[in-house]
Amino acid sequence: MSRGAILVATVAFLSAAAGADVDNCQSGISKGAIAIKGMKSAYLAGSGGDVQGDKLSIRHNSGFSVLSSCEEDWKPEAIAQFKLLGKMMSFTVDLSKVGCACNLAFYLISMPARNSNGDYNRGSNRQGQPPYYCDANMVGGQWCPEIDIMEANNHAFQATLHRCDPAVNQHYSFCDRGGCEQTTRTKENAYGPGSEYTIDTTRPFDVDTEFLKNDGVLSGMRTTLRQDGRQEIMEHSNCNKAYLSKLSDAMAIGMSLRITYWGGEAQTMAWMDVPPCGGAACQGSNAGHAVVSDIQIRPGGSVDRELVWVIWDAKDKLFGTIVPNQVVADDEKFVALNEEGIAEWEGARHFLRQMPRSVVDAQIKEAKGAQSRQEGSNLMSTDCDDSEFPCDASLRRETSYLSNFLKKYSPLSVALPSTTWWPIHIVLFVAVALLAGASATLVVRRAVKPRLGAALAGKKEPGFQAVFQRASPSRAGGVFGLGNSPISPSSASASAATPSSAKKTAY
């Protein structure tokens with residue numbers, strides 16, 4: 001072979017080798033390229049796992065972020081931004097070796113974080129998180145919106161949306177730590193290890209998450225777990241439209257994908273998996289590897305413009321019936337706040353909930369299933385042992401009512417002259433204290449739903465709105481420890497970390 005031929009062959013070999021290095025991207029922070037359908041190129045940055053084709057095998061105490069280019073170090077411009085509003089993200093997961101007190105998290109965050117000037121911020125005291133990290137629990141020192149597509153082990157699956165206060169220059173000052181979540185734990189035999197469950201976690205299953213939009217605004221999230229022709233659907237109907245809309249800007253700009261595997265003692269993960277889990281810790285054989293594969297971005301998130309009002313009271317013989325539009329349009333027969341209302345129809349008064357027509361049947365099926373098991377459901381009102389006080393869910397309604405009352409009336413005493421009117425000060429103080437005590441007693445006794453007649457009689461008064469005001473569901477925290485109060489700077493300073501604030505710790 002001539003020297004020229006040898007030179008050409010050598011150059012070709014070196015070029016091929018260099019190309020292979022770029023494709024594999026196994027240097028610096030990069031673990032390797034991963035195939036994600038719907039993306040031109042994707043690379044995983046992090047440690048604690050192995051990548052092959054479209055498959056990530058991840059070990060306990062590990063974490064990865066998706067980059068759009070092969071990098072030696074963290075560059076904010078290289079962090080892939082997923083614009084999923086009106087689309088679907090899907091993947092296959094194997095959690096057969098991920099036991100109780102462990103958490104495989106697949107989630108979106110508005111990373112890279114920015115400072116108040118709008119500049120990229122690497123952060124300081126990041127608690128083991130990568131540069132530019134942020135989330136809704138301020139893990140790593142910086143706030144930003146977060147959507148937990150999956151937090152799961154082989155006994156429990158949970159999906160949670162976390163909104164934040166409005167951003168200034170894409171910098172966030174506070175977020176809803178607890179978020180608005182839905183879990184498989186509320187449905188018997190829906191999810192767990194064994195063939196008796198709809199989703200048998202001893203084998204891989206698919207996760208589809210649709211981000212519904214309406215006029216460019218996030219209007220819903222639908223999570224579907226699929227396996228062998230069976231499925232479990234989470235409609236996230238407990239997340240109202242106002243809450244969801246606060247995530248629209250972040251989703252339109254783009255959010256980064258993070259995959260982590262963490263967990264420790266049983267109490268660390270009790271917010272997610274107790275029950276059915278108990279005292280087991282995430283260690284040893286209970287903390288085996290997990291596999292995430294076949295990540296796809298697909299068209300989806302179909303716009304569901306037709307909203308209907310459904311009778312949503314387990315004691316109502318018309319439970320699940322869609323109320324006609326002409327009734328809803330009649331101010332004398334119908335009144336509502338956000339997604340809850342009351343209507344006079346068919347000779348009776350009914351509590352209603354608004355939802356897309358396409359999900360009504362699935363919601364009714366889930367609610368009736370919970371009722372037949374004599375379990376409380378977050379989808380419907382069921383009476384418990386005390387016939388005077390319906391027990392479903394809304395302790396938050398009473399706490400919101402109390403909060404509104406104090407805001408409305410406590411300033412009166414401040415405005416009165418401090419010398420001449422001191423007897424009125426005392427009277428107002430005593431009145432407010434008595435009413436506060438009465439409301440607190442109602443909360444303790446699980447008084448969640450006002451009498452229908454009283455609600456209708458006051459439908460044009462401020463109190464009517466307060467009755468229906470709802471705070472976001474929460475794993476922990478909030479007034480009386482039952483839910484988050486509305487987000488504000490004052491609540492931010494007083495807010496204590498939820499159990500999930502330890503999440504996604506150092507890798």
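**The largest cavity**

By class, the residues that line the largest cavity are 3 nonpolar, 3 polar and 3 charged. In this classification Ala, Val, Leu, Ile, Met, Phe, Trp, Tyr, Cys and Pro are nonpolar, Asp, Glu, Lys and Arg are charged, and the others, Gly among them, are polar. The structure is a predicted model, in which local features need pLDDT of at least 70 and side-chain atom pairs count only at pLDDT 80 or more, while totals for chains, interfaces and linings use all residues. Residues are numbered from 1 along each chain as its sequence is written, and side-chain values use heavy atoms, with hydrogens and water left out.

Select Q182, T183, T184, K187, A190, E232, I233, M234 and E366 to display the lining of the largest cavity. A cavity here is a set of points on a 1 Å grid over the protein atoms alone where a 1.4 Å probe fits but cannot get out, and lining residues have an atom within 4 Å of a point. The space in the largest cavity is about 60 Å³, where a volume is the space filled by probe spheres set on the points, with grid points joined across faces, edges and corners. Over the whole structure, the search finds 2 cavities of 30 Å³ or more.

Next, colour β8 (180-183) and β13 (230-234), each of which supplies at least two residues of this lining. Strands are DSSP runs of E with at least two residues, helices are runs of H or I with at least four, and both are numbered from the N terminus. Which strand gives the largest share of the lining? It is β13, with 3 residues.

**From β13 to its neighbours**

Keep β13 selected and add β12 (residues 217-227). These two strands pair in the antiparallel sense over 5 bridges; two strands count as paired if DSSP finds at least two bridges between them. Within this pairing, T224 stands opposite I233 of β13, and I233 is also one of the residues that line the largest cavity. The hairpin of β12 and β13 has 2 residues between the strands, and D228 in its turn has a positive phi of about 50°.

Is β12 mostly covered or mostly uncovered? It is mostly covered, with 9 of its 11 residues buried. Buried means under 20% relative accessible area, exposed means over 50%, and partly exposed lies in between (1.4 Å probe, protein chains only).

On the other side of the tour, select β11 (residues 205-214), which is joined to β12 by 9 antiparallel bridges. L212 has G220 in β12 as its bridge partner. The hairpin of β11 and β12 also has 2 residues between the strands, and D215 takes a positive phi near 55° there.

Now select D200, in strand β10 (residues 199-200). D200 has a relative accessible area of 7% and is therefore buried. Measure from its C-alpha to that of D228: the two are 9.8 Å apart in space and 28 residues apart in sequence.

**The disulfides**

Select the cysteines next. The structure holds 5 disulfides, each a pair of cysteine sulfur atoms within 2.5 Å. A disulfide is a covalent bond between the sulfur atoms of two cysteines.

Begin with C180 and C239, whose S to S distance is 2.0 Å. The link of C180 and C239 is left-handed, with -110° about the S-S bond. C180 lies in strand β8 and C239 in the loop between β13 and α2 (241-245), so that distant parts of the chain, 59 residues apart, are linked. C180 counts as buried because its relative accessibility is 1%, and C239 counts as buried at 3%.

Proceed to C100 and C277, a disulfide with an S to S distance of 2.0 Å. The torsion about the S-S bond of C100 and C277 is about -75°, so this disulfide is left-handed. C100 sits in the loop between β4 (87-94) and β5 (102-109) and C277 in the loop between α4 (270-273) and β15 (290-299), so the pair ties together parts 177 residues apart in sequence. Both C100 and C277 are buried.

Then select C102 and C282, which form a disulfide with sulfur atoms 1.9 Å apart. Its torsion about the S-S bond is about 105°, so the disulfide of C102 and C282 is right-handed. C102 is in strand β5 and C282 in the loop between α4 and β15, 180 residues apart.

**The final stop**

Finish with the open sheet of 4 strands, in the order β16-β19-β18-β17 with antiparallel pairing. Its edge strands, each pairing on one side only, are β16 (307-311) and β17 (334-337). Select F334 and A343 to see bridge partners, with A343 in β18.

Conventions. On a 1 Å grid over the protein atoms alone, a cavity is a set of points where a 1.4 Å probe fits but cannot get out, and a pocket is an open set with protein on both sides within 12 Å along at least five of seven lines; lining residues have an atom within 4 Å of a point.
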